[in-house]
Amino acid sequence: MREKYIFTSESVSPGHPDKVADQISDAILDAALVRGDETTRVAVETLVTTNHVTVAGEVKNFNLNDWEVENIIRSTVARIGYEQEGFHWRDLKINNLIHSQSADIALGTDDFGAGDQGLMFGYACDQTPSFMPAPIHYAHEILKTIGKSNHGFVRPDAKCQVSMEYNGKGEVERVDQVVVSLQHEEGYCDGARKMSESNARRVLGDLVDDKTVFHLNPTGNFVIGGPDGDVGLTGRKIIVDTYGGYAPHGGGAFSGKDPTKVDRSAAYLARWMAKYAVKHLDVKWCQVQLSYAIGVKEPTSLYVDSDGDSDAIEQFFRGTVDMTPKGIIDKFDLMNFREYSKNCVYGHFGDKQVPWERV
């Protein structure tokens, strides 16, 4: 076993281009579920760039017209805070390419077979009160704290990266390095740097020591940002959305997908199972893998790994948890969940008031 090692994870703000895309896709999903019922199917992708938003995807029983979709997009961008030259909610050009779901896919999903094949991972550990690995937990918390500031020079786009030093027992000892890039008004780079460092130190507390290195807006200026500075796409921050790379990821994105898509719903269940194990089954960490075949209700596999009796935990879950798509949807009431767009920022797991975190 290694004596010491450093592990790094990152988070992004709601104004990061990829997160703007995620929130638009999930806002369309939220509205579709309000108008629809259990037969509603949504798989919407979003691309954002300079003063332009394109949405595309496949839907069924989707009772939103083009004007309503456009209004959802503008409202979401306004809520995030984009009123800047290059990306303003009022001036956006919108291209709506949403169309009907394939009849071949509907054959397998109308009766709640899995919406696609694929594999999903869930993870939990006792490193933090959120049962999340420390690097991603603290990266999220730093950006949340910055986002609550009332400084007028702060613009919506931001990223944070935290490198934690662990001892040979896998326990967090200190923060080695912190990177924060915060978009700001012209002439306020120094103010952005000072605010970023003060908030990071407040969140990290005693984990910071005299050897901790802070990289704050390291390019020297971050005025042009958001979709005006970089193209954003739905599903391009799947590691931020989950465990910061500390645990595996099956590869499927979450946002814009209704809960029959197991990329989303089964990943939520796997997190719940892993967290249950850490909280109630006497282990310090647990990793759960599920896999599915399109149109098939039961999972094709379940695998549990932990620092305890993994076989016993796996058998416990096999006997007590309904892992079918319909079972997951009913367990967490996912067809009636109305905050997918709100929940997709700062990760889908951790310190969140959502059904799959209630263990």
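These questions and answers walk through two pockets, some paired strands and one serine in a predicted model.

Trainee: What volume does the largest pocket have?

Mentor: Start with its wall. The largest pocket is lined by 24 residues. The space inside is about 530 Å³.

Trainee: Which residues lie nearest the centre of the largest pocket?

Mentor: The lining has 24 residues. Five of them are placed nearest the centre: Pro14, Gln23, Gly147, Val345 and Tyr346.

Trainee: Which element gives the largest share of the lining of the largest pocket?

Mentor: Four elements each supply at least two residues. They are helix H2 (66-80), helix H4 (134-147), strand E8 (154-167) and helix H10 (340-343). The largest share is four residues, and it comes from E8.

Trainee: How many residues in the lining of the largest pocket are charged?

Mentor: Sort the lining by type. Eleven residues are nonpolar and eight are polar. The charged ones number five.

Trainee: Now the second largest pocket. Which strands each supply at least two residues of its lining?

Mentor: This pocket holds about 390 Å³ of space. Its lining has 16 residues, with Tyr123, Gln127, Gly170, Tyr246 and Trp285 nearest the centre. By type, seven are nonpolar, four polar and five charged. The strands that each give at least two are E1 (4-12), E7 (118-125) and E12 (285-292).

Trainee: How many bridges join E7 and E12?

Mentor: Both strands help line the second largest pocket. They also pair with each other, in the antiparallel sense. One bridge sets methionine 120 against leucine 290 in E12. The pairing of E7 and E12 runs over eight bridges.

Trainee: Which residue in E13 stands opposite glutamine 289?

Mentor: E12 has another antiparallel partner, strand E13 (residues 301-306). Six bridges join E12 and E13. Opposite glutamine 289 stands tyrosine 303.

Trainee: Is E12 mostly covered or mostly open?

Mentor: Count its residues. Buried here means under 20% relative accessible area. Seven of the eight residues in E12 are buried, and the strand is mostly covered.

Trainee: Last, serine 181. How far apart in space are serine 181 and proline 218?

Mentor: Serine 181 is in strand E9 (residues 172-184). Leaving out residues up to four places away in sequence, serine 181 touches Asp157, Ala158, Lys159, Asn217, Pro218 and Phe222. Serine 181 and proline 218 are 37 residues apart in sequence. In space, C-alpha to C-alpha, their separation is 7.3 Å.

Conventions. Residues are numbered from 1 along each chain as its sequence is written. This is a predicted model: local features need pLDDT of at least 70, side-chain atom pairs count only at pLDDT 80 or more; totals for chains, interfaces and linings use all residues. Side-chain values use heavy atoms; hydrogens and water are left out. Contact means heavy atoms within 4.5 Å. On a 1 Å grid over the protein atoms alone, a cavity is a set of points where a 1.4 Å probe fits but cannot get out, and a pocket is an open set with protein on both sides within 12 Å along at least five of seven lines; lining residues have an atom within 4 Å of a point. Grid points are joined across faces, edges and corners, and a volume is the space filled by probe spheres set on the points. Ala, Val, Leu, Ile, Met, Phe, Trp, Tyr, Cys and Pro count as nonpolar, Asp, Glu, Lys and Arg as charged, and the others, Gly among them, as polar. Buried means under 20% relative accessible area, exposed over 50%, partly exposed in between (1.4 Å probe, protein chains only). Two strands pair if DSSP finds at least two bridges between them.
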